[in-house]
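Student: I would like to go through this chain step by step. Please keep the terms defined as we go.

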Amino acid sequence: MAIKLGWKQALAAAAGAAAGLGVHMVKEAMAFRVVHEDVHIPGLPAAFDGYRVYFIADIHRRALPEAEIAALQGKADIVWIAGDLTDRGVPEERTRANMRMLRNLGPAYAVYGNHDYEAYMPNMEKLDRLLEDCGVKPLGSKNVPLHRGGSTIWLAGIDDLGPAGMWRGDPRIRRDDCVLVLMHDPKWVVALRRISANYAFAGHTHGGQISLPLVGPAASKPFYKTYLDGTHFIDSEDGGMTGLRITRGIGTSHFPLRLGSPAETHLITLRSSPPLQK
């Protein structure tokens, strides 16, 4: 026998479903998740095989959970922060606490994202000093050598304002050196298309943040529908190919909700591999 609902019962059922969905979206946004993964890097020196990177992006307004971060102690050799580490209106002490927690895991490097500039422009030196006080190195668009077991790789930054310190223009970097790029916005694939690196890591997209069934990301531009999350391969004019890993990030922008794009950070183990091939 069919059960008929009156409009009041139907409205109540719809309101209950909406409330349940809202609770789920808040939980998905505020969850703390560490994705453990191997990333195979062509040309990575054998000494760096097994090198562990804690990779985090898009903290925005979140206060990182102290217990969960502390549980990562001893599990990372280095920390990479791929921009939007703060946001407009975020208390400075919250940003300091987040940066100190991350620095406690290992040497830490950060590039800035668009929300960092919105929060601190035109006084970005203040944010530089904040990070340095916490032991985090602002990478900007500079190249820094990383040493292990007698071998060297290069960490190249691309600041959100642009790739001023292109790695192949750095006389210290030889053609066969391994270069890993840390950037905030995947839009800088334009740099990777000009000059290949061995691998690159980015954030910014939040994986769409709200991804609707059958529709996909609710507000992503066409470019970001392609470069939304996961791993991509970029052909370069110099004949090389660069792997690009995009994280969904840990925080949110505009509103603390996620759907179909859970918050994530990454504990990445670098592995040596042959040159990339599609």
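Student: How many helices and strands does the chain have?

Tutor: This is a predicted model, in which local features need pLDDT of at least 70, side-chain atom pairs count only at pLDDT 80 or more, and totals for chains, interfaces and linings use all residues. Residues are numbered from 1 along each chain as its sequence is written, and side-chain values use heavy atoms, without hydrogens and water. Helices (H or I, at least four residues) and strands (E, at least two) are DSSP runs numbered from the N terminus. The chain has seven helices and 14 strands.

Student: What share of the residues is buried?

Tutor: Buried means under 20% relative accessible area, exposed over 50%, and partly exposed in between, with a 1.4 Å probe and protein chains only. Of the 278 residues in the chain, the buried share is 53%.

Student: Which helix supplies the largest share of the largest nonpolar core?

Tutor: A nonpolar core is a set of buried Ala, Val, Leu, Ile, Met, Phe, Trp, Tyr and Cys residues joined through side-chain atoms within 4.5 Å. The largest has 28 residues, and L131 is among those with the most contacts inside it. Helix 3 (92-103) and helix 5 (124-133) are among the elements that each supply at least two residues. The largest share, four residues, comes from helix 5.

Student: How many disulfides are there?

Tutor: A disulfide is counted when a pair of cysteine sulfur atoms lies within 2.5 Å. C134 is buried at 7% relative accessible area, and C178 is buried at 2%. By the distance rule, the number of disulfides is zero.
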